[in-house]
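Trainee: I have a structure open on my screen and I'm not sure how to read it. Could you walk me through it?

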Amino acid sequence: MEVIYAFCVGLLAACGFFLVLRGRTFIVVMGLTLLSYAVNLFLFASGRLTLNGAAVLGQSAQYSDPLPQALVLTAIVIGFAMTAFLVILAMRSRADQGNDHVDGQIPVRPVSPSLLDKRNG
Amino acid sequence: MNLLWVVLLPLIGTLVPLFTERFGRNICAFCVALLPAWSLILVLMYAPDIFNGQAIRQTIEWIPAIGLEVSFRLDGLSLLFLLLILGIGLLVILYARYYLSLKDSMSRFYVYLMLFMAAMVGIVTSNNLIQLWMFWELTSISSFLLISFWSHKSEARKGARMALTVTGAGGLALLAGLLLIGRIVGSYDLDTVLASSDIIHAHAAYPVALILVLLGAFTKSAQFPFHFWLPHAMAAPTPVSAYLHSATMVKAGIFLMARFYPVLAGTDLWFIIVSLTGLTTLLLGAYIALFKHDLKGLLAYSTISHLGLITLLLGLNSPLAAVAAIFHIINHATFKASLFMAAGIIDHESGSRDMRQLNGLWQYMPYTATLAIVAALAMAGVPLLNGFLSKEMFFAETLNQSVLGSLSWTIPLLAVIGAAFSVAYSLRFIHDVFFNGQPVDLPKTPQEPPRYVRIPVEILVALCLLVGIFPAFVVGDLLHIASFAVLDHTVPVHNLAIWHGLNLPLLMSFMAMVGGVILYYNRRHLFEFQSHFDTTDAKHIFERTIQSLVKAAESITNTLENGSLQRYVFTLLLCTLVMGGLPLIELTQNSGTRASIPLDGVTIVCALLMIFSAVATVIWHRRRFLALIFLSVVGLIVSLTFAKFSAPDLALTQLSVEIVTIILLLLALFFLPQSSLKESSNRRLSVDLLVAGLIGCVIGTLCYAMLTTPLNTMSDFFIANSKTGGGGTNVVNVILVDFRGFDTLGEIIVLGIAALGIFKLIANMRIAIPARDDKGRAWSNDPHPMMLEVVSQSLLPLALLVSAYIFLRGHNMPGGGFIAGLITSVAIIQQYIAHGVQWIKPRVTIDYQWIIASGILIATATGLGSWLFGQAFLSTWFDYFSLPWIGKFELASAMLFDLGVYLTVVGAVMLILANLGKLTTSERLDIQENN
């Protein structure tokens, strides 16, 4: 179970980082969302994995670690606020700059002929 | 009496000129002089104790735990320097009163001067290394201000910048050196450091500390190769040159070497570095001084040369040489300050400092000329003047050294050559300026200056004579106690007398005199010889170096900061990968001893679904709607994961946040392009994929290592005290609202601020409303489906009931303010979706900002309420009550706090989503009207 949990955390982080490296705001926001899933799961994992042990007194024999849960709970809510702020900022940037590139302008790059062909095709 | 006041009085004195300037220049100068004079009197009152061999200390503790304190001490060396700083400082105040023209701002000058004086007094009385360094830096800054006093002149600005750069850089080296010494000794207390000579000498870091401290001293005291800033500092007004660049500031470096003489000197390394640097500086300064046509330029290089002489003496590692060095500090300060003042008078009265124009001034100002000639003779080392005595001691010491092994005999020879040049430039000063024909094209006809401006010069010249004729009587005791402090309480026998009999040093003096006269007589040949050299101005080299440094810094900055966020993120990730990945390579085992949980079928299916969705989000990220759907699947499985691993609170929170987030992103997507073109090259994509993948591996490995390591947690405390201390059985909720309530308060405030920020961003948004999607299809005009309206409306009370239930049971069962708030928000948002803003508007009249505000207020007030009962902020209270029909129930102050959390969450989420939603509806309306 631990192996697959760790694998999923790593995969989510990798996917998140890849999307964060893209150039359009909305995709970056999606990447950050994936990344915050990974971070929350990672933080949660610092309390280790426990089955049937919710930290409610008298409900189970062995309790899971409640401290990471409390931390992650607020992290989820703050994470939502951050995502919201970013996405509104992205909209505002689109409204004011006229494009949705993370730099506020589409960088001028020397375009290779093959890429032009692809676009035209 | 209070030692602190010795420093504080000049510091307070910086304010005096500002208040007294309006009363006229005389009163202003008089009032400015009062405080340092008072300070000087305080010092003199301490003097008897010091002469008895005591050292006076005063310490004010600041942060005792880390050894930070304000600490002063007064011993013989400090006393000597205080007399120089305050005594000559007073004379300079008087001199500057007449020197400054009506165009110059007198108060500004005095403010800088007093700041400098306070800093110097601070250096010589500090008993703490860090404090000493702070005053040291203050002298650099105040000297920058003084040099650039005539800031309209380009050379003043350039000179000031150069002085600040060189001495400031030296100051940084000094700080490093002092920190190192503090580290070696284990204390920044100067008394402790001075008593730890053996520890410092034996320590491996001694050479580093020594070189760093010497860098500070050499830059400040204009030693080769850092001497070049001093001549350019002569752009300052002459009182500044007289004070800073001859008598005091440049002596700060000498002071530093003398102060640390007991702990740093005595080794071969000190010997080699200090004596050779001093010798080079001595010769170089003396040689160049002869060729300077500018009066102040000559004096500047002469100062460099004399500073080199003192450094050389300190470097000889002999107690007698140290005594000679201290003696020369006194003598040089007196004759050089008076020479600068005389040069200033000549400049003032004749309008020129160029020795090719200044000739034959004897006829115009015989009185000033007499004073200047006596001082210049002292500089040359003529008998019956103070310069002769210390030079004699210097010659004697050069004979008693073995710096260069069997070549050591060259040092006395070089000393005589240096002294001969010193005689030659002194002769030039006398002969060229006061005799040698008639003035050439002077802007003014020279005349004697006002009576009072000569007083400081007279006093200093009188001192030169007195010390020269009655040395033991005038300075014997002072020299003794200063040496007492430098040499760690063992002063060698020295005899301050004019006549020591016919001996080798006397012969050397005689040779220097004769050599100097010969050199000066043949100066035309020397000038001719010197003119063959291409002399580059240090200013140009310095400016060029600075500019190339700035250019290099600019190009580095421009390379790193090219305005591309993608580049920044990539660099950041790469650094993270290197710093996070490298330690993992050294780790040989990545799993711990904790028993793992067996896999089951449902988990595998969920995990596969999550993996598929995450990968699909990446693959189809340019088709944004599709990617968003996959993203929401990932979020749902995350909340299932929490549920699976015993975190019901987290599962509920994640689920409701997931809904809100996806609605938010859908709304945003309405305004943003629904798809994007392929922009990155394949190479870029593969590199990004590689880096992201590697970081994923690092994180996964870390996560696995952590998961398999046995748990060592502090949570047992929370579990044990949750019911008894917090009155609730749901430990997660009790942590949130009780144990760590302060954190939660901070978090809901952040949430509120974020929501308000978003509100402001939305309020001024001028975004175009898309009429069609990216495939060119018009958006549906069908407003609100009937079925959805009916179902939502009937669901609302139910949803609110659920959220109330979740809220109330939160303290004991999974739930609480955060989750209940999110559920309420989702229920209200559903109404927005089903009915539209127009329908909601008349029904919900309260502004969401107010809900956020009242939520934060309630939470804060709950925290403050505990003060009423004499408890700490956010202490909680709970008790059990029973009512008929209902039965036993619990009331806790934490529930009130949770209510604050609930309201803030509802307010924040609704403020964000409802306002974003309104943007779309107003657009729709416009479109319909247009149609």
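**Where the two chains meet**

Mentor: Sure! Let's start at the interface of chain A and chain B, where 24 residue pairs are in polar contact, both partners being at pLDDT 80 or more. That pLDDT score is there since this is a predicted model.

Trainee: Which elements of chain A give two or more residues to the side that touches chain B?

Mentor: Helices H1 (2–20), H2 (25–45), H3 (66–97) and H4 (113–120) of chain A. The largest share comes from H3(A), with 23 residues.

Trainee: And what classes of residue sit on that side of chain A?

Mentor: Sort them by class and you get 55 nonpolar, 15 polar and twelve charged residues.

Trainee: How many salt bridges are there between chain A and chain B?

Mentor: Three. To read one, look for a positively charged side chain meeting a negatively charged one; a nitrogen within 4 Å of a carboxyl oxygen is the cut-off. Try Arg24(A) and Glu679(B): their side chains meet in a salt bridge, at 2.3 Å from N to O.

Trainee: How many residues does each chain bring to the contact?

Mentor: Chain A brings 82 residues and chain B brings 110 residues. You can also ask about area: about 9000 Å² is buried between chain A and chain B, and carbon and sulfur atoms give 78% of that. On the chain A side, Met1(A), Arg48(A) and Phe80(A) lose the most area to chain B, together 9% of what that side buries.

Trainee: Now chain B by itself. How many helices and strands does chain B have?

Mentor: Chain B has 38 helices and four strands. Of its 931 residues, 53% count as buried, and the cut-off there is under 20% relative accessible area.

Trainee: How do I read a nonpolar core, then? Which residues touch the most other members of the largest one?

Mentor: Think of buried nonpolar residues linked through their side chains. The largest core here has 199 residues, and Tyr110(B), Trp229(B), Leu264(B) and Trp270(B) touch the most other members. Helix H17 (residues 319–350) of chain B gives the most to this core, 19 residues.

Trainee: What does Leu264(B) touch?

Mentor: Leaving out residues up to four places away in sequence, Leu264(B) touches Ile181(B), Ile200(B), His201(B), Tyr206(B), Leu210(B), Val213(B) and Trp270(B). Apart from that largest core lies another, of 128 residues, including Leu761(B) and Val837(B).

Trainee: What share of contacts in chain B join residues at least 24 apart?

Mentor: Counting contacts between residues at least 6 apart in sequence, 78%.

Technical notes. Residues numbered from 1 in each chain as written. Chains lettered and ligands numbered in written order. Predicted model: local features only at pLDDT ≥ 70, side-chain atom pairs only at ≥ 80, totals over all residues. Heavy atoms only, no water. Contact = heavy atoms within 4.5 Å. Buried area = accessible area lost by both parts, 1.4 Å probe. Polar contact = N/O pair within 3.5 Å; in protein donor to acceptor, adjacent residues only side chain to side chain. Nonpolar A, V, L, I, M, F, W, Y, C, P; charged D, E, K, R; others polar. Core = buried A, V, L, I, M, F, W, Y, C linked by side-chain atoms within 4.5 Å. Buried < 20%, exposed > 50% of the residue type's maximum accessible area, 1.4 Å probe, protein only.
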